[in-house]
Amino acid sequence: MAQAEHSHERGDAPAPRTQHQPRMAKIDGISRKALDVAYAQESPNQRLDIFLPEAGDGPFPALIYTHGGGFAFGDKRDDHLEPPLLALGQGIAVVAVEYRLSGEALFPAAVLDVRQAVRFVKARAAEYRIDPARLIAIGGSAGGNLAAMLGMNVPNGAFPGECAASCDGMQPDVLAAVDQFGPTDFKAMDAQARANGVSIADHDLPDSPESRYLGISVAKASAALCDQANPLTYAGPRMARMLVQHGTADKLVPYQQSAEFVRGLEEKGLGDWVEFTTLAGAVVLPPVISCYARPESIDEMLHHLTGKILDLMDIETADFRRWEGM
């Protein structure tokens, strides 16, 4: 695995605050699963869970799920996993990835971890009956940032802190990515929050989730460091198909984060490869994945998401390999 040392030496970000303890997802009824599989050996948190559909022999397409929690808390098996687990009923496997949180290791450790998790799944695909050519990254909030990072399909060794020689030749590429209300441009978050009058403008503070992730307050962090943590920086012809979803009443991550992210992709000529779904009136509050002004909006969002995932799974392999050799 290609990792660099990431100690807490960058600046003034303090230790994480008291962690929220979420409810765990109900997985007892899933008979075909492998829990706490190690995908790397540097940390006990480098583990993943694999859930397979109850019927069929595979190989199954799979969601690569990265949980949220401000890069500082959360769990691969918390209740945010329940909506992705609905994919099992559509014949889609789910791989839930745990990664090192900011209290243990600073950026880019979390990104390097989820990239290594994808390599591991691909290398062991036959053992776990997963189709390595049909992987979709999905996550919300901090997990949305990580899913978008995976969707950039950055080649081995081209991400900060990664050495191509130790990646065993397996590229961490995915077929598509679903970014649900992920923060992308940390420097812009407070200005966007003040402008929309809905979101909380506290991201520049030394103890904000983004500051703790970077190891220095966003206000003091260099533009170069924040750019490294922004998926848009890596967008290019290798990018996977992308679905971005965000609620207009999000109090934690300003809606403009996704709007500007999508606009940036369009400016790079990637508009045909991204779809942006605006969820009117949606806010994000832990421990539930989404709270809506209208209860029926939850079913509406899940129905739309399930349909889009099935559409993404049908992308032709030749289309996926359009950038092969780049």
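Contact here means heavy atoms within 4.5 Å. The views below are taken from a predicted model.

**View 1. Contact of helix 2 with helix 4.** From helix 2, Ala110, Val111, Val114, Arg115 and Val118 meet Leu146, Met149 and Leu150 of helix 4. By class, the residues of this contact are seven nonpolar, no polar and one charged. The axes of helix 2 (residues 109–123) and helix 4 (residues 142–151) come within 10 Å and cross at roughly 55°. The two helices are therefore oblique to each other, and their crossing is right-handed.

**View 2. The open sheet of eight strands.** The strand order is 1-2-4-3-5-6-7-8, and the pairing is mixed. Strand 1 (33–38) and strand 8 (274–279) stand at the edges with a single partner strand each, so one side of each has no neighbour in the sheet. From one strand to the next, the twist averages 20°. Helix 2 lies across strand 1, strand 2, strand 3 (60–66), strand 4 and strand 5, and runs at about 155° to strand 5.

**View 3. Two strand pairs, one antiparallel and one parallel.** Strand 2 (residues 47–51) pairs with strand 4 (residues 93–97) in the antiparallel sense over four bridges. Here Asp49 has Ala96 of strand 4 as its bridge partner. Strand 5 (residues 130–140) pairs with strand 6 in the parallel sense over five bridges, and Ala137 stands opposite Ala177 of strand 6.

**View 4. Burial of strand 6.** Five of the five residues of strand 6 (residues 176–180) are buried, so the strand is largely enclosed by the rest of the structure. In a regular strand the side chains alternate between the two faces of the sheet. In strand 6, Ala176, Val178 and Gln180 point one way, while Ala177 and Asp179 point the other way. Residues pointing either way are all buried.

**View 5. Cis peptide bonds before Pro59 and Pro108.** Most peptide bonds are trans. The bond from Gly58 to Pro59 is cis, with omega near 5°, and Pro59 is in the loop between strand 2 and strand 3. The bond from Phe107 to Pro108 is also cis, with omega near 10°; Pro108 lies in the loop between strand 4 and helix 2.

**View 6. Positive phi at Asp36 and Arg129.** Most residues other than glycine have a negative phi. Asp36, in strand 1, has a positive phi of about 55°. Its relative accessibility is 43%, so Asp36 counts as partly exposed. Arg129 is in the loop between helix 3 (125–128) and strand 5, and its phi is near 60°. At 30% relative accessibility, Arg129 counts as partly exposed.

Technical notes: Residues numbered from 1 in each chain as written. Predicted model: local features only at pLDDT ≥ 70, side-chain atom pairs only at ≥ 80, totals over all residues. Heavy atoms only, no water. Axes fitted to C-alpha atoms, helices over the stretch in contact; angles between N-to-C directions. Parallel < 35°, antiparallel > 145°, perpendicular 65-115°, else oblique. Left-handed = near helix turned anticlockwise from the far one by under 90°. Nonpolar A, V, L, I, M, F, W, Y, C, P; charged D, E, K, R; others polar. Buried < 20%, exposed > 50% of the residue type's maximum accessible area, 1.4 Å probe, protein only. Pairing = 2+ DSSP bridges.
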